[in-house]
Amino acid sequence: MNKITNNKAWFLVLPVFFIVAISAIIPLMTVVNYSVQDIFDPQTRFFVGTDWFRQVLEDSRLHDALIRQIVYTGSVLFIEVPLGIGIALTLPRKGWGVSACMVLLALPLLIPWNVVGTIWQIFGRADIGLGGYTLNLLGMDYNYSQNPMDAWVTVLVMDIWHWTSLIVLLCYAGLRSIPDAYYQAAKIDGASNWAVFRFIQLPKMQSVLVIGVLLRFMDSFMIYTEPFVLTGGGPGTATTFLSQFLVTVAVGQFDLGPAAAFSLIYFLIILLVCWVFYTVVMNAGKREEQ
Amino acid sequence: MRFQKRHIALLVYIVFLLLPIYWLFNMSIKTNTEILGAMTLFPDNPTLANYATILTDPAWYSGYINSMIYVGINVVISLLVALPAAYAFSRYNFTGDKHLFFWLLTNRMAPPAVFLLPFFQLYSSVGLFDTHIAVALAHCLFNVPLAVWILEGFMSGIPKEIDETAYIDGYSFPRFFTTIFIPLIRSGIGVTAFFCFMFSWVELLLARTLTSVNAKPIVATMTRTVSASGLDWGVLAAAGVLTIVPGALVIWFVRNYIAKGFAMGRV
């Protein structure tokens with residue numbers, strides 16, 4: 001769409017600019033400020049330059065948390081995206097079933113994150129939880145508060161339970177925008193199910209999938225509340241992801257300088273990955289159009 | 001044949017979604033002795049005592065009221081500021097528009113954990129600590145960019161000829177915007193409000209950090225009860241069920257918008 005150049009449009013954007021600037025720029029500047037100073041109390045502070053950054057980058061606990069985070073986010077995307085697409089394809093296209101499915105699918109998205117943790121805490125416990133009890137009944141020695149592997153898998157399953165619906169809803173929206181004529185044409189051509197999926201459905205879902213993948217990447221990279229409630233980052237450090245680690249450093253140990261330096265690095269990682277992903281996908285999309 | 005297989009997969013998935021929620025509900029209508037005593041798929045003596053505890057104790061139910069208030073304020077603020085901005089982004093080129101848009105989106109990517117301490121200090125220093133408006137403003141950090149993003153998608157789907165015709169017919173911008181444009185993107189506003197509600201309602205970290213007593217959200221009440229006594233599973237489950245209810249109601253109201261609306265904008 002051709003847009004008119006008009007700098008008066010800034011007036012329409014100003015309220016957004018101010019309200020986000022208050023919540024974003026001032027706190028961000030505070031973080032930057034902390035990251036280069038050693039603060040004992042409000043009056044006594046020293047400029048330390050990049051010391052905190054160096055200290056944080058060499059911290060092996062951070063490296064471990066980062067690797068755990070990458071493995072976790074990778075698993076989340078690897079499972080949730082194909083599963084979400086698959087479920088979206090099975091949804092009915094019309095009738096009363098549509099509304100019913102929409103409501104049921106959206107339900108986990110509207111549950112407060114700590115309640116999600118609580119639900120799985122209750123569900124997974126071997127003594128009082130249906131899930132944990134059943135697994136033990138089947139002969140598995142399952143205990144998410146003792147066994148690191150069990151804890152990790154539980155957090156992952158919880159995330160799949162919680163967020164796959166988002167991918168499903170987005171994909172379903174993309175699928176609905178395909179006119180019936182496309183399917184009819186494919187039928188006449190004798191296209192296989194796979195061909196219909198690959199050349200009709202997938203391209204239509206591309207733009208919503210980009211959004212879905214970006215949202216899932218950001219949110220799973222920032223995950224804090226659910227594992228905090230479910231496992232508290234344990235046992236040991238099995239489910240201590242980056243946010244959990246950051247809060248431990250900033251609030252638990254009150255090391256403001258390293259925590260601030262770490263915050264900035266954390267933010268930059270997310271920013272960089274999102275930017276690269278977005279650019280690559282958009283360029284690929286443009287090439288395909290040409 | 002294929003038709004049936006599809007539906008089995010869907011059914012299995014929906015059962016997977018509902019089982020944990022059912023278990024929470026099941027537990028909320030049991031007594032603590034039954035919860036800890038035996039494994040029962042259905043409660044032997046269903047009781048509403050856990051719900052009564054919550055609905056009669058101000059320490060519990062005020063949490064729900066506080067959450068509703070700040071979520072409501074947040075949705076209103078987000079929509080009010082995002083509507084004109086999204087219109088500007090979808091219709092005009094202006095200096096720095098692309099950078100501004102990207103900067104807005106980066107705020108959606110900032111881990112809330114990063115901003116905990118600065119937020120606490122910022123809102124304490126201006127005397128807003130422990131007020132509903134503080135939480136509502138803090139949640140604007142991620143909800144306003146999201147609202148702009150979604151609304152921009154919906155607005156770009158409206159042909160620009162409509163604007164031009166209206167201006168030729170002598171409509172002023174505010175009158176055009178409120179009487180013609182906003183009704184056109186109703187479903188977009190519905191979807192946006194839904195997303196804002198959702199992300200503000202489910203957030204715990206900022207809400208807990210910015211409140212202590214007067215504006216304490218229900219989600220914080222729950223975690224503190226867990227750490228303090230830790231064992232009243234029945235009440236905890238009942239509180240959990242009650243936090244799901246508002247979300248379920250909102251979904252019910254926007255169910256047709258979710259289905260139709262999602263396809264129209266990009267989201």
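**Close-ups of chains A and B**

**View 1. A short strand pairing links the two chains.** In this predicted model, A:Ile4 has B:Tyr92 of β1(B) as its bridge partner. The strands involved are β1 of chain A, residues 4–5, and β1 of chain B, residues 92–93. They run in the parallel sense and share two bridges.

**View 2. Here is where chain A meets chain B.** On the chain A side, 71 residues touch chain B, and 82 residues of chain B touch back. Look for helix α1 of chain A (residues 9–35) here: with 14 residues, α1 gives the largest share of chain A's side. As for the make-up of that side, you'll find 54 nonpolar residues, 15 polar ones and just two charged.

**View 3. Two helices of chain B pack against each other.** Helix α7 (residues 132–156) and helix α10 (residues 186–202), both of chain B, sit with their axes 9 Å apart and meet at an angle of about 160°. Since roughly antiparallel means over 145 degrees, that angle makes α7(B) roughly antiparallel to α10(B). Their crossing is right-handed.

**View 4. Zoom in on the residues between α7(B) and α10(B).** From α7(B) come B:His139, B:Phe142, B:Asn143, B:Leu146, B:Ala147, B:Ile150, B:Leu151 and B:Phe154. Facing them from α10(B) are B:Gly188, B:Val191, B:Thr192, B:Phe195, B:Cys196, B:Phe199 and B:Ser200. Sort this contact by class and you get 10 nonpolar and five polar residues, with no charged ones.

Technical notes. Residues are numbered from 1 along each chain as its sequence is written. Chains are lettered from A and ligands numbered from 1 in the order in which they are written. This is a predicted model: local features need pLDDT of at least 70, side-chain atom pairs count only at pLDDT 80 or more; totals for chains, interfaces and linings use all residues. Axes are lines fitted to C-alpha atoms, for helices over the stretch in contact, and angles run from 0 to 180 degrees between N-to-C directions. Helices (H or I, at least four residues) and strands (E, at least two) are DSSP runs, numbered from the N terminus. Angles under 35 degrees count as roughly parallel, over 145 as roughly antiparallel, 65 to 115 as roughly perpendicular and the rest as oblique. A crossing is left-handed if the near helix is turned anticlockwise from the far one by less than a right angle, and right-handed if clockwise. Two residues are in contact if their C-beta atoms, placed from the backbone, lie within 7 Å. Ala, Val, Leu, Ile, Met, Phe, Trp, Tyr, Cys and Pro count as nonpolar, Asp, Glu, Lys and Arg as charged, and the others, Gly among them, as polar. Two strands pair if DSSP finds at least two bridges between them.
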